[in-house]
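Visitor: Please take me through this model one point at a time. Keep the answers short.

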Amino acid sequence: MIEITADNKGNYVVKVDGVDISPNPVISGKPATFTISASTSQAITGGKAVIEVYFFGFHIHQETHDLCEETSCPVTVGNFVLSHNEVLPGFTPPGSYKLKMTLSGAGIKQLICISFDFKISFGASESSVSDS
């Protein structure tokens, strides 16, 4: 199970229920999917997702995506799923990483801010998927 750390400083519209990473650990040079199960207390018509990656505490990467590219818009009140696909370069060093994601909506400064740890291993000839 992936432990999620939510920024509890704000009264956010979005609540995250869980994160699934496939494969886990992520394999450098291969596609990985980050799926986030969440719910919202108000409709979201659009916005952006800012994804930051940290390695040993150092900020190493940031990208911004249209929220409607990560989920179907408009997002209605209730449960929804964000899905992000990424292919990490083959030279990405193995180890422990932290991903921080901040969602903002039209007219809403911040919908949620979460972070979670994930691991990257070197590309392998066999598929190594772990649930732990």
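Visitor: Is Asn11 buried or exposed?
Guide: This is a predicted model, where local features need pLDDT of at least 70, side-chain atom pairs count only at pLDDT 80 or more, and totals for chains, interfaces and linings use all residues. Residues are numbered from 1 along each chain as its sequence is written, and side-chain values use heavy atoms, with hydrogens and water left out. Asn11 lies in the loop between β1 and β2. Its relative accessible area is 77%, and buried means under 20%, exposed over 50%, partly exposed in between (1.4 Å probe, protein chains only), so Asn11 is exposed.

Visitor: How far apart in space are Asn11 and Gln110, C-alpha to C-alpha?
Guide: In sequence, 99 residues separate Asn11 and Gln110. In space, their C-alpha atoms are apart by 9.5 Å.

Visitor: What pattern does the protein chain follow along the sequence?
Guide: The protein chain has one helix and nine strands. Both are DSSP runs, numbered from the N terminus: helices are H or I with at least four residues, strands are E with at least two. Read along the sequence, the pattern is β-β-β-β-β-β-α-β-β-β.

Visitor: Which strand gives the most to the largest nonpolar core?
Guide: A nonpolar core is a set of buried Ala, Val, Leu, Ile, Met, Phe, Trp, Tyr and Cys residues joined through side-chain atoms within 4.5 Å. The largest one has 32 residues, and Ile21, Val26, Phe34, Met101, Leu103, Phe116 and Phe118 touch the most other members. At least two residues come from each of β2 (14-22), β4 (31-40), β5 (47-55), β7 (78-87), β8 (95-105) and β9 (108-121). With seven residues, the strand that gives the most is β9.

Visitor: Which residues is Ile21 in contact with, leaving aside its neighbours within four places in sequence?
Guide: Contact means heavy atoms within 4.5 Å. Nonpolar side chains tend to be buried together in soluble globular proteins. For Ile21, the contacts are Ile2, Val26, Thr33, Phe34, Phe116, Asp117 and Phe118.

Visitor: How many bridges join β8 to β9?
Guide: Two strands pair if DSSP finds at least two bridges between them. β8 and β9 form a hairpin with two residues between them, and Gly107 in the turn has a positive phi of about 80°. Gly95 has Ile120 in β9 as its bridge partner. The two strands run antiparallel, and the bridges that join them number 10.

Visitor: In which sense do β3 and β9 pair?
Guide: Strand β1 (residues 4-6) runs antiparallel to β9, with three bridges. There, Thr5 stands opposite Ser115. In strand β3 (residues 26-27), Ile27 stands opposite Ser121 of β9. Over two bridges, β3 and β9 pair in the sense called parallel.

Visitor: Which residue forms a salt bridge with Asp117?
Guide: A salt bridge is a side-chain nitrogen of Lys or Arg within 4 Å of a carboxyl oxygen of Asp or Glu. The whole structure holds one. It links Asp117 in β9 to a residue in β8, 19 residues apart. The closest N and O atoms are 3.1 Å apart, and the partner is Lys98.

Visitor: What is the relative accessibility of Lys98?
Guide: Asp117 is partly exposed, at a relative accessible area of 47%. Lys98 also counts as partly exposed. Its relative accessibility is 32%.

Visitor: Which residues form a nonpolar patch on the surface?
Guide: Patches are made of residues with over 30% relative accessible area and no salt bridge; like charges are joined within 9 Å, nonpolar side chains (Val, Leu, Ile, Met, Phe, Trp, Tyr) within 5 Å. Areas come from the Shrake-Rupley method with a 1.4 Å probe, and for residues only the protein chains shown count as cover. Phe58, in strand β6 (residues 58-66), is exposed at 60%. Together the patch has about 390 Å² of accessible area, and its members are Phe56, Phe58 and Ile60.

Visitor: What is phi of Phe56?
Guide: Phe56 lies in the loop between β5 and β6. Its relative accessibility is 62%, so Phe56 counts as exposed. Phi is positive, in a residue other than glycine, and is near 50°.

Visitor: Which residue does a cis peptide bond join to Asn24?
Guide: Omega of this bond is about 10°. The partner sits in the loop between β2 and β3. The residue is Pro25.
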